[in-house]
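Hi,

Here is the model I promised to pass on. Have a look at it first, and my notes on what turned up are underneath.

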Amino acid sequence: MASHAVCIQRLAPPCFEASQLNQSKTVSPFSVSITRRKRRSSGVRCSLVDFIGGDLVKPDIGRWLEDVEKHKAIAIYTPHEGGYEGRYLNRLKEQGYYFLDISARGLGDPETTLLNPYPVCPAHLGKQPIARWYYPPEVDYRLSALPPSAKGLVVWIIEAKVLSKSELQFLALLPSLRPNVRVVAECGNWRKFMWKPLAEIAELAAQE
């Protein structure tokens, strides 16, 4: 059999002149990341509110105090990060109000807990007789303990979004039953601190 010769041709690497080497630029991955960082950082803008704090610059404190005295029951919506409602709470304290902080979770019937003596059954662990203790009404008990210089009592309800419509309607009517009581209910979250009359949220005005 005839043998076929295979010719392998080796290609030499391309040759560049010195002038072409000087004109070529090498780009490293580090320089690309640096330019990207510079472009990203150039888009950040700061204002005076970023240095002072958004919770300190609030020109609506006067309207807040007026609405609390006018409607007497307010539903508030706070930002998710929290902390903004403390500025409005402190302004009510400066007006002479005392506070009753209650969580809506586990509150039970608001009318029974706030205005009537309500029973509490302690845990008996299966070895003790079932007992029932009675506590005084939360609102009336604290109204009787207020100093003479106090302007009134603010019932501040946390997580009021879990309450039903009928329970919110009772809270809206509570200042009419106890004239020295104001109600502030945290009914949800929003991008900024805002409030509405609680009767409007509970649709009490539409029923009347």
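The largest nonpolar core in this predicted model has 27 residues. Inside that core, the residues with the most contacts are L114, V139, L171, L174, V183, C187 and L198. Two or more residues each come from strand 1, strand 2 (97-103), helix 6 (110-115), strand 5 (152-158), helix 8 (165-177) and strand 6. Helix 8 is the top contributor, giving five.

C187 is a handy residue to click on. Leaving aside its neighbours within four places in sequence, C187 is in contact with A75, I76, Y77, A160, K161 and L198. Apart from this core lies another one, of 16 residues, including Y97, F99, V154 and F193.

The other thing to look at is helix 4, which runs over residues 61-71. Which of its residues are buried? I61, W64, D67 and V68 are. These four cover an arc of only 120° around the axis, so they sit on the same side of helix 4. That fits the usual geometry: an α-helix has 3.6 residues a turn, so residues three or four places apart point the same way. On the other side of helix 4, E66 and K70 are exposed.

And what covers the buried residues of helix 4? The cover includes strand 1 (73-78), helix 5 (85-94), strand 6 (181-189) and strand 7 (194-197). Right after helix 4 comes K72, with a positive phi, near 70°.

Cheers

Key
Residues numbered from 1 in each chain as written. Predicted model: local features only at pLDDT ≥ 70, side-chain atom pairs only at ≥ 80, totals over all residues. Heavy atoms only, no water. Buried < 20%, exposed > 50% of the residue type's maximum accessible area, 1.4 Å probe, protein only. Arc of directions from axis to C-beta. Contact = heavy atoms within 4.5 Å. Core = buried A, V, L, I, M, F, W, Y, C linked by side-chain atoms within 4.5 Å.
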